[in-house]
Structure formats: C-alpha cells, structure tokens
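Here is a short set of exercises to work through with the structure open beside you. Try each task before reading its solution.

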Amino acid sequence: MTASAGTESPPIAISLRSVTKRYGDVTAVDEVDLDIHDGEFFSMLGPSGSGKTTVLRLIAGFEHADEGRIDLAGRDVTDTAPFDRDVNTVFQDYALFPHMNVLDNVAYGLRVRKVGKRERHKLAREALDTVRLGHLAGRKPHQLSGGQRQRVALARSIVVRPKVLLLDEPLGALDLKLREQMQVELKQLQRELGITFVFVTHDQEEALTLSDRIAVFSEGRIVQLGSPAEIYERPRTPYVASFVGTSNIFDDATSRRLLDRTGTHALRPEKITLSPLRGEAPAAGDDEIRVAGEITEAIYLGTGQRIHVRLEDGTPLVVLEQSKSARHEPEHRGDTVVAAWSPADLVPLRGEVAPLTEMEKS
Amino acid sequence: MSLDTARAAVSPPRETAARRVSARLSRTPRLRLGLLISAPLAWLVLVYVVALAALLITALWTVDSFTGDLDRSAWTLDNLRLVLTEQLYRTVTLRTLSIAATVTVIDVLVALPIAFYMAKVASPRVQRILVIAVLTPLWASYLVKAYAWRSTLSDGGLVEWLGAPLGVQSPGYGLPAVVITQAYIWLPYVILPIFAGLERVPNSLLDASSDLGAGTWRTVRSVIMPLLFPAIIAGAIFSFSLTLGDYITVNIVGGANQMLGNLVYTNAGAANNLPLAAALALIPITIMIVFLAAVRRTGALDNL
C-alpha cells in the first residue's frame, strides 16, 4: 500500500506480512500486509465476512495465522499466546465476567499480574473514573446498561496499560445517540492515553469520523488503505466507492456516452447540483458537465433531500441536496431538471463495477 | 367505513363451543392456571408427599415378632432409635456415604475434561457424535451394564487379561468394584449438565481472560469454575443421590458388602420388618435433604 514516503513516520506498533488464515476451504484472510503506527487510530472497515475481525483476532492471538508473520513493536508474536501479548481487546459483546462486580472485572488484569489488592483496587477505580463509572464499582454487569457495560469493558482493557487496544465493533450494540456520544469519548480517550487503537467496524461513517487511517477490507484482502479523506474522495475501486458512502458509478459505456471519457468513474451525490430545466437544451461547458433528466424519487432526509434522477439516456443518478435554508424549494417527483457537476469531481476507478453498487443505489 | 366494504371483508370465525371455552379461559387466568397444574400437582402430592408421609408413619409401627403381622396400634420411636444407635447401621451409612462421595468426585473429575472438549474444542460434527456417544449407554439396561462390569472384573476377565502383561490385577468383587461400576453407570448424568453449563459460558469470556494476561489454569480457576459451579452441583446431585439409593450394583459386583439400600431391601423382604426398612430408608432421605440444603446455601440452585 502507498505509505507516505519521504515524510517521517512514527515507529510501527503492529506489522503484518503476507498473513493468511483459512477455515477449511474458506480463506478468511488472504496475504494481508499491514503496518499500523504507534499512537494511531486505525480502522478496519468492511462488511461482515470480509476478514477484518479475523485480522483483529490474529493480532490479539485468539487465532493463529496459517502463513505469514505478525510483529508487535518489533517482536515476532506469530505463535505467541494471547496472554503473552502486549495488546488488549474490547469485545463486541463486552465479555464482562458475570460473576464479578464492576471493580473486580476492571481489576482482573491486575490480579492476574499479581498486583496487591489495595493497589489494584486503586488503579481500577482510577480507570473507572476515566470512563466516568466510579459510582458503579459495586454493581454486577447484568445491572448495567449497554453503554455502561461498554465503558467497563474499556476500563478493564486500559487499566493494564497496553501498547495497543483492539476494539471489535465495540459500538455495534448501542443505539444511535449513545453511539455518537461513545465515538467522541473513544476519540478523546485515545488522545489522552496516546495508545494505538485498532478499531473494527462495518459502519463507514464511524470509520470516517474516528480514524487517522482506514483499511477497507473485501474478501479477506485490503482493497484500499488511506486517510478518511483519501478513502472518501479518491476511492480506487467501484467497491470502495460504493461501500464507503454512496457513489454514482458510471461504467465504461456510460462514461463514454455522458462524460466523453473511457473507464469507470465515481461521482459523489453531494457534488451534483440540480436546477430546473428551462426550455433550452443543456450545453456542456468546459468547467461543468450538464445532463438533463427526470426526478423519479425525492426523499426527505431532514438535513436535505436525496433525489433519484433518471438521466435522458436512462442512467440512474443519486443526488444529495442540502437544505441550507427553510425557504429552499423542495424537488418533486416528475420534475425535469438539469444535473450539473464539475469534471474534477469525477473519480476514475480501477476494475469492473461490483454487484454491491446496485444494492447500494437502491 | 361503509357496511358494504365491511361485508366484503372475510367474515369472522363462527362461534363454536370450543371457541367459547377458549374465550372463557383467556378471560380467567386463574382458571387457566388451575387446569394446567392440577393434574401434575395431584400426582406430586400423591407420589411424593403421601408416599413420604406413609414411610414416616410406617417407621413408627412395629412387627409382632410372633405372628409377623404389622402392629398398627402401638406407636413407637424404637425403630428410629435402633437405626441411630446400632453400630451396624452406622457402619453401613458411612460406607454408603463414602461410596457415593467417591463416585461423585470421580465422575466430576472425569466429566469436566470430556464436557470441556465437547463444548469448547470439538467441531459441531464431533460434538454431535460425542453427545450421542455419551447418551448411548443410557439406552442399555442398568442390569446389563452392571453384569458387564461383573464379567470384566471377574477372575480371568477382561481387566486381568489386559492387565496381566503390565502386572495389573483386577480389584475383584468388593467396594472398589462398586465404585468403578457406579461411576461408570452415572457418568452421563454428570457429563450432560456440565456440558450444558459450559455451552452457556460464552467463548469471549475465555478470550477476554486470556487477553488480560491470564494463563490457562488461571482462566479455569477464576472464570470457568465459578461460572460452572451450578452445573457441577447439578451433576453431583445426580451421581450422589443415585449412588446413595443403589443396592443392585453392590449385589452384583460388591461381594459380601452391603449398602443402605440392601438393608432396606432385606428388611422389607426377607426379614419381614417393614417398619425397620422404613426407618432405614429415612437415612438417605435425610442425607439428601442436608446435602441439598447445603447446596442451596451456596446459591448454586439459583441458576439451575
């Protein structure tokens, strides 16, 4: 993957070299190479079954690679047991010990390390205060809400001061409001502790919001790796373009017809402006591509409108219009409009249009 | 909505007697509950409470030593006193208790690794095969299994034949043979609850423990065992109570030894002393009540 060569990069916390993991006939992880830097918030993004969780479990040591090599802070840990690795995991189901109270759960890692009772309770209380749960130390896990359990799980992992924290879809079970709140808290926590976070998610928005860098997974491989802006603005394949956010994807034939270009192209819905068609046929300018079409669906989103347009040649197009003021005139089904966008916003893609594209458009 | 469109819709089902009963039941939850539990409740009262009460009462009667008839007129505590003071009964009670305890410890120790393998290591296919393999012996008759062990442990039996080159001798018929046979017969009853208990422990808890730096032994001690305790107790109740009441195995492989069950059996039959048999039968019942009360105090029954 393209590392930003030349610029000075921090030391490498985790490195994977052609790591492969198979389950029977299924190759869950297929020759993955990956370098994660110290102190980085790194996300692994992909749909379920894309191999991202398996990579996380390989790093944690719960699974062992069939081929390849894994280094943690320069030490080869390919065959090391989980309890001998300097990483900790926050599990999707939190995995709190049901027979221990919150304090004992958090202190467990210290107890295992033979830290004295007073000392470990003091440290556990501090960790609980970090996640603002100091007042619930005596409760059992089943007496807590989902968000609170989540925070206990976090406290339990950070109390042992790992170099790397692995998070396996930790916000997946929370409702939207809580999830947004926890996202902010996670980001703050990571800044305060300065440890490397490796975050697995299938939620592209979450990945874009939180990460320093994102690896997009598909079928056991990393299909693109880069900063959130790179991934969103410059997707390299139709798969990335449609999985991360929504994209209009023009295949080769459509590109030739509409854009007078060859190859596949992606266009983000918010880069398109719509204006009412007034008599004269749209003229394609140098700095703008203009195509007439008809609105087939207009969906109110609160923050704006998602509008489905059928262009005059039959190509479907999704447009996202922000409503900047309440007086903004909404679009209606059946209106004829002109869709316009700048050629600079077209992203050339490699490879064929993935089947996912159609699914994402609907 | 006009009447016409209402009629065009599907007409409601016709009022039948069955529907009227259902409607009445759905309105009166108490009646529903009463009908549901009255039959099993009656059965429980008859089989458990009445039978137990009858046992207790019988223990208070005596047998006329001359005619051999039950004397229902004189109520006496003599039988109970005899059972508590006579040295023979104390010896047999202790022997029965230690056999039951040994069988239970052996079964739990054997069941734990098997159940762990079944629940956490084996693939789903192997797991199914193992569950069937554990259940299969339950389909064979108890007597067949006891006699199978009798021939295995006999002079020149399988154990001697296999053990001879290694210098191993068959324990012969006696208390060790009783323990071996009972441990074998009740093993499935111990494996299954422990297996079910382990299935309920999420793998992520084991991963989490290991992730936090705990080695295998630490995870077993601090995470698996506390969570598995109710299941182990459930299995132990089975093997302990079943061994406590057994008198057939000891007859088949136990040589001249007697357990409480044998004393009850002899007194109820050959010795024709039903009151004494009843008084003796109260011993294992009391032991079980004490055992269950102790288990209850640990809180293990709350999670069953």
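**Exercise 1.** How many bridges join strand β12 (residues 264-267) of chain A to β18(A), and do the two run parallel or antiparallel?

*Solution.* Bear in mind that this is a predicted model. Start with the pair itself: β12(A) and β18(A) are joined by three bridges and run antiparallel. Next, pick out one bridge: A:Ala266 has A:Val347 in β18(A) as its partner. Then widen the view to the open sheet of three strands, ordered β11-β12-β18 (chain A), with antiparallel pairing. Its edge strands are β11 (248-250) and β18 (347-349) of chain A, each pairing on one side only. On average, neighbouring strands of this sheet are turned by 30° against each other, direction ignored. Finally, add the helix: α9 (residues 252-259) of chain A lies across β11 and β12 of chain A and runs at about 90° to β11(A).

**Exercise 2.** Find the order of the strands in the open four-stranded sheet of chain A, and say which strands stand at the edges.

*Solution.* The order is β2-β1-β4-β5 (chain A), with antiparallel pairing. β2 (26-37) and β5 (75-76) of chain A each have a single partner strand, so one side of each is left without a neighbour in the sheet. Now look at one pair: β1 (residues 12-23) of chain A meets β2(A) in the antiparallel sense over eight bridges. Within that pairing, A:Leu16 stands opposite A:Leu34 in β2(A). Helix α1 (residues 52-60) of chain A packs on this sheet and touches β1, β2 and β4 (67-72) of chain A. The direction of α1(A) makes about 115° with that of β1(A).

**Exercise 3.** Describe how helices α4 (residues 146-158) and α5 (residues 176-193) of chain A pack.

*Solution.* Begin with the axes, which come within 12 Å and cross at roughly 15°. Angles under 35 degrees count as roughly parallel, so α4(A) is roughly parallel to α5(A). The crossing is right-handed. Residues making the contact include A:Leu154 and A:Ile158 of α4(A), and A:Leu186 and A:Leu189 of α5(A). Sorted by class, the contact has seven nonpolar, three polar and two charged residues.

**Exercise 4.** What area do chain B and chain A bury between them, and which residues of chain B lose the most?

*Solution.* First, the contact: 18 residues of chain B touch 22 residues of chain A. Together the chains bury about 1700 Å², 58% of it on carbon and sulfur atoms. In chain B, the residues losing the most area to chain A are B:Asp211, B:Leu212 and B:Arg218, together 39% of what that side buries.

Key
Residues numbered from 1 in each chain as written. Chains lettered and ligands numbered in written order. Predicted model: local features only at pLDDT ≥ 70, side-chain atom pairs only at ≥ 80, totals over all residues. Heavy atoms only, no water. Axes fitted to C-alpha atoms, helices over the stretch in contact; angles between N-to-C directions. Parallel < 35°, antiparallel > 145°, perpendicular 65-115°, else oblique. Left-handed = near helix turned anticlockwise from the far one by under 90°. Contact = heavy atoms within 4.5 Å. Nonpolar A, V, L, I, M, F, W, Y, C, P; charged D, E, K, R; others polar. Pairing = 2+ DSSP bridges. Buried area = accessible area lost by both parts, 1.4 Å probe.
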